[in-house]
Structure formats: structure tokens, C-alpha cells
Amino acid sequence: MDKLIVHGGSTLEGSINISGSKNASLPILAAALLSEDDCIIRRVPDVSDTNYMIQILGALGADVERSSGTVRITCAKIADTAPYELVRRMRASICVMGPMLARLGRAVVSLPGGCVIGDRPVDLHLKGMEALGAKIEIEGGDITLTAKNGLKGTKINLAGTHGPTVLGTDNVMMAATLAEGTTVIEDAAAEPEVLDLANFLNAMGAKITGAGTRTITIEGVDALHGVEHTVIPDRIEAGTFMAAAALAGNDVTLKRVNREHLKAITAAIEESGHKIEFNKAGTQCTIHRGEQLSGVEIETSPYPGYPTDMQAQMTALLATTPGISVIKDTIFPQRFMHCAELKRMGADIKVDNGTAVVHGVKKLTAAPVMASDLRASAALVLAGLTAKGSTTISRLYHIDRGYEHIDEKLLMLGAEVERVRD
Ligand code: EPZ
């Protein structure tokens, strides 16, 4: 298993391009199952999660070709059973369920495993499929959905105890594109990645309105055709590098971003005393590290609120920001695995009941630390940038799931990092 050694103390400067969004790419790749025609998807990041999804689509019978960031997928004929061996490795594979059910009238997908950030139920996904007319059986770890007479449009509310479900909204939206009649999803997720998927589906001939708001209406059509689409920029990768630049930067510039998608992250980083300047088009930004810094209060919430996927990275930034910060994760209250590792580096953090209280310390000290999940590992890399000494981060496969060539990008900005193959 690879390790990353981060030598603390270097100053980041210069500019990098932000990659296409992992969390937009995954449902969009799955949506190609809805058509027999060629789908060309550009700026798909080369990360293990998108590679898993491509493997799953291949195992379902899709013809897939990838050259750098462009993926061509043709799903002329597809099977109705997603392979357990592949599905169990990535929760997001659940979003093949909606397209398979809509296209074939049957889908067998294994129940996704849990993960360290918290319980990852799929009850809302199944509530949506059932509302569309699917019969559901769960046996031996597999979900079998059948809709012999096809799916029928209906009204569905997807609010859960922790807010709306992103992939649940995606699944229901995809299934509804080929249902008979109209579907209305209330309390839908409004993330930019859901809107990007809706734009992809509409370009395939679907009739979706309201995506990006809490109420999405889908008018069923008979068939969807092929399409070419470029995935939106990854707002979480951009936010991660914004935090890195605030921590250790000297006017770092990030290109290929979307200012609209970064509002909550920008506001939080500026509130703690840094300055983030966007160009007129909002497609690039420069982060100016602040002098007068102070702690902040952050509470994660569904888009356009502060994203849970940026909670760990912000905690790493606030660990050495003077003052007291309070970070509450309302979406994944257990998503604090990074705090124990940051405390090994000297951070002063108390975690209780879904909230971390951080007292900023002057400097962290390098220590061997272990990545536990995608965003926690990013937080450890950030902490290593300004820690005294060299931080070794093990189980690097976590970070490779969602960050495209993160070590190369850090090296381009002048960080001293090295990937060590075990
Ligand atoms: C998506 O996961 C993202 N993944 C996650 O990013 C992100 O943290 C999450 O949305 C929240 O923004 C992808 O887009 C691939 P949810 P998803 O369904 O859709 C509860 C990363 O780091 N819930 O929106 O699986 C659930 O427990 C990943 O890139 C139910 O109760 O998350 C959680 O508390 C990590 N029942 C809340 O809703 C359900 O059926 C939000 O989960 C589904 C979810």
C-alpha cells in the first residue's frame, strides 16, 4: 500500500488546473446505461472511484473506451445484475440501480457496505424505486428490483433525517426519465452534481425541470439517445486546494473552478481571515493567505450550505488558526476520524456528539498517521504541509479514490511530497 511523505515548511505558489468532478462523473457514467447509443463524457477524473464505475459498466456489458479524461461508453445490450465483487467496493455504484431498472425492468444490485464516515443506508433510494412501481426483494445481501409493466411516474419525497440524498435523487431522476407519465421529486438534493446529471440526461432527450432546486419534475419519454458532455469542475478538490493555499500558500491560483459552486467554502475560509479573489468569469481564483486569522463556526448542510465533504479539510486548516473553532457535521455526525490523527500531530480538538471544538495551536508536529477515508486523508496531507518535520500518511488508496494525481499537483505548487510504494 502506498504512503505519502509530506515534508512540512515549503510555501505553495503558482497555479494548477482543477479536475472534473468525481461526484458528477459517477452518476453521469451510470446514466449512459439508459441509452443504446454512444455517450462521450469529457473531464472524467482518473481516480479509482471512476475506474471502479467503468469496470462495473464493462461487467454489465457496456463497451467502454477511455483516453485520458474522455470516456466513450456504448450500452447496446446490458445485463440486469451488477457484480457483487465490484459493487461492494464503492457505495456510489448504487446509482446503476435506477438506469438498469428503467432500461430492463429488472435490476439486481448488492447492498453497499458501510463506511467509516457513518451508516450509509439506501432506504430512500428504495422508497423512490418502490414509488415508481418496482417490486423489491432483499436477500443474501442483494437488492432485486422488478417492474414487469415498466415504471409509472408519481410524486416522491426524498427527505431523510439528515436532509436530502444526493445519489438517491440521482437514482430516482434517472429511473423516472423512462417512466410512463410525470414524476415529481420533493425535498430533492440540489447539489451542482445533481444539476450536471440532469443536464446530461436532458441532452440525451430526457425532459427534466427544476434540477438544482428542492423540487425536480421529470416527464417520462420512450427512449434516450447518445450525447457528448463535459463534467463540471470538482468543487471539493478546489476547496481542498483553497484550504492548502490558505495554510501554506503565497497567492496560489486555481484554474477551471466554478465560483458559484464554491460560495460556502469561500465564505468560511475568508471568515477565518484569508482572501480569495476570483476572475470576472468566476473560472479561476487566487488565494491570499491572511495575517489576522481567527477561529470560525461551521455547520455542514445540504447544498448550497457548507459541504460535509469539506469538513475534514477545514478542520485541518483551523487546527493552526488562532482562536476557537466549532465544526458540526449534521449530515455525517461520525465523520471525525481525521481528528484522532490530527491530535497525534499535536492538534487540540475535542469531538463530541457530531461536533469538533478546535483550539488553534501554533504549529503541528509531524507524526506517522493513517488515512481512514477520502476526505480525512486530504486533511492529513494539508496538516503535513505546515507541520514541523515529515508526516508519513499510510493507506494512500483512500486519497487516490477521489483526488486526481494529488501528489503531482502539490509538487507543481512547490510542496515537498513523495509517494512511497510499499
Ligand atoms: C454523496 O453521497 C457524495 N458522494 C458524498 O461524497 C457526500 O458526502 C454526500 O453525497 C453528502 O453530500 C457522491 O456523490 C458519489 P447522501 P451519498 O445520500 O449520495 C442519509 C465524497 O467524499 N441517507 O446524500 O451517498 C445518509 O446517511 C463522498 O466524495 C439516508 O438516510 O450521500 C446521510 O446522512 C463521501 N437514506 C445523508 O442522507 C438513504 O437512502 C446524505 O447522504 C440515503 C442517504
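**Notebook: pockets, ligand and backbone**

I began with the second largest pocket, and I noted that it lies between domain 1 (2-19 + 233-421) and domain 2 (22-230), because both domains give residues to its lining. I kept in mind throughout that this is a predicted model.

Next I looked up the volume of the second largest pocket, which comes to about 280 Å³ of space. I then went through its lining, which holds 17 residues, and I wrote down Asn 17, Ser 19, Glu 404, His 405 and Lys 409 as those that lie nearest the centre. Strand S2 (12-17) and helix H14 (406-412) are the elements that give two or more residues to this lining, and I found that H14 gives the most, with three residues. When I sorted the lining of the second largest pocket by class, I had five nonpolar, six polar and six charged residues.

I turned to the ligand and asked myself which residues are the closest to it. I found 25 residues around the ligand, with Arg 91, Asp 123, Thr 165, Asp 309 and Ile 331 as the closest. The ligand, too, lies between two domains, since domain 1 (2-19 + 233-421) and domain 2 (22-230) both give residues to the shell around it. Among the elements, I listed helix H1 (22-31), helix H5 (123-131), helix H6 (166-176) and helix H12 (374-386), each of which supplies at least two residues of that shell. By class, I entered 12 nonpolar, five polar and eight charged residues for the shell around the ligand.

I then looked at individual contacts of the ligand. An oxygen atom of the ligand is 2.5 Å from an N or O atom in the side chain of Asp 309, while the backbone takes part at Val 166, where a polar backbone atom is 2.8 Å from a ligand oxygen atom. For Leu 167 I recorded a backbone N or O atom that lies 2.8 Å from an oxygen atom of the ligand. I also checked how far the ligand is covered, and I noted that, of the 820 Å² it exposes when taken alone, the protein buries 92%.

My next entry concerns enclosed space: I wrote down three cavities of 30 Å³ or more in the structure. For the largest cavity I noted about 40 Å³ of space, and I copied out its lining as Thr 240, Phe 241, Ala 244, Ala 378, Val 381, Leu 382, Ile 406 and Leu 410. Helix H8 (235-248), H12 and H14 each supply at least two residues of this lining, and by class I had seven nonpolar, one polar and no charged residues for the largest cavity.

Last, I looked at the backbone, with a general point in mind: most residues other than glycine have a negative phi, and most peptide bonds are trans. I therefore marked the peptide bond from Tyr 303 to Pro 304, which is cis with omega near 10°. I placed Pro 304 in the loop between strand S19 (297-299) and helix H10 (311-318). I also marked Asp 251, a residue other than glycine whose phi is positive, near 60°, and I found that Asp 251 lies in strand S16 (residues 249-255).

Note on methods. Residues numbered from 1 in each chain as written. Predicted model: local features only at pLDDT ≥ 70, side-chain atom pairs only at ≥ 80, totals over all residues. Heavy atoms only, no water. 1 Å grid on protein atoms, 1.4 Å probe; cavity = no way out; pocket = protein on both sides within 12 Å on 5 of 7 lines; lining within 4 Å. Points joined across faces, edges and corners; volume = space filled by probe spheres on them. Helix = DSSP H or I, 4+ residues; strand = E, 2+ residues; numbered from the N terminus. Nonpolar A, V, L, I, M, F, W, Y, C, P; charged D, E, K, R; others polar. Domains from an automatic or database assignment. Near = heavy atom within 4 Å. Polar contact = N/O pair within 3.5 Å; in protein donor to acceptor, adjacent residues only side chain to side chain. Areas by Shrake-Rupley, 256 points an atom, 1.4 Å probe, with all protein chains shown as cover.
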